Amino acid sequence: EWWIEESRVATYYPGNTLARDVVAKTQTIVCGGKKYDIAAINVDGSNYFKVRDIAAMLIGTEKPVAVEWDASTNAINLVSGFDYEKNGSELQKGDGSQKVANVSTAILNVDDVPTGAMCYNVDGSNYFKLRDVLDAVDCLVEWDEYSQTIVVTPQLNASYLQDTAND
């Protein structure tokens, strides 16, 4: 049984057609000059990460975010300008095991503004596309093909690339 949110109205979808088989791999991310090797899942060529891992990487940077859960609205709210308080589950490596990623109805907000980001739930944790989350909090995200590393620069945003390309 699956539910998908459409304009904040839940719609029922029977069966498991919205589930994906994924592998919990380890992805290297450099964020604010620090290197992290953390669990990720890949869906249709995009890497998805736990929102708490993303918030933990942003601690002490120019773009910290606290994480709040609102069960009444099924929403995760990222609050800009506040460091995330770790609970000990963050920044773990992927174990290489096969998992099932279920489409989730969890909503991701940044400062109470919905992002529209797609969410998958794996083993009770919500995974979001890294670029969707970091674009919403205004961080620059780049891929280093040579090192197979994601580079996050919190002090810059995507418009920086456009501005430098026009110079």
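**Surface, sheet and one buried valine**

Trainee: What is the accessible surface of the protein, and what share belongs to carbon and sulfur atoms?

Mentor: The accessible surface comes to about 9100 Å², and carbon and sulfur atoms account for 47% of that area. Please keep in mind that this is a predicted model.

Trainee: How many of the residues are buried, as a percentage?

Mentor: The protein has 167 residues, and buried residues make up 40% of them.

Trainee: And which helices and strands are there, in number?

Mentor: There are three helices and 15 strands.

Trainee: What is the order of the strands in the open sheet?

Mentor: Nine strands form an open sheet in the order β3-β9-β12-β13-β6-β5-β4-β15-β14, and the pairing is mixed. From one strand to the next, the twist averages 40°.

Trainee: Why is one side of β3 and of β14 left without a neighbour in the sheet?

Mentor: Both strands stand at the edges and each has a single partner strand, so one side of each has no neighbour in the sheet. Strand β14 covers residues 140-144.

Trainee: Let us take the β3 end. In which sense does β3 pair with β9?

Mentor: Strand β3, residues 19-23, pairs with strand β9, residues 98-103, in the antiparallel sense over five bridges. One of the bridge partners to look up is Gln-98 in β9, which is matched with Val-23.

Trainee: How many bridges link β9 to β12?

Mentor: Two bridges link β9 to β12, which spans residues 119-122, and this pairing is also antiparallel. Here Asn-102 has Asn-121 in β12 as its bridge partner.

Trainee: Changing topic to Val-141: where does this residue lie, and is it buried or exposed?

Mentor: Val-141 lies in strand β14, one of the strands at the edges of the sheet. Val-141 is nonetheless buried, because its relative accessible area is 8% and the cut-off for buried is under 20%.

Trainee: Which residues does Val-141 touch, leaving out those up to four places away in sequence?

Mentor: Val-141 touches Arg-131, Leu-134, Ile-150 and Val-151.

Trainee: And how far apart are Val-141 and Leu-130 in space?

Mentor: Their C-alpha atoms are 8.5 Å apart, and the two residues are eleven residues apart in sequence.

Trainee: Finally, for the protein as a whole, what percentage of contacts between residues at least 6 apart in sequence join residues at least 24 apart?

Mentor: Of those contacts, 51% join residues at least 24 apart in sequence.

Key. Residues are numbered from 1 along each chain as its sequence is written. This is a predicted model: local features need pLDDT of at least 70, side-chain atom pairs count only at pLDDT 80 or more; totals for chains, interfaces and linings use all residues. Side-chain values use heavy atoms; hydrogens and water are left out. Two strands pair if DSSP finds at least two bridges between them. Helices (H or I, at least four residues) and strands (E, at least two) are DSSP runs, numbered from the N terminus. Axes are lines fitted to C-alpha atoms, for helices over the stretch in contact, and angles run from 0 to 180 degrees between N-to-C directions. Buried means under 20% relative accessible area, exposed over 50%, partly exposed in between (1.4 Å probe, protein chains only). Contact means heavy atoms within 4.5 Å. Accessible areas come from the Shrake-Rupley method with a 1.4 Å probe; for residues, only the protein chains shown count as cover.
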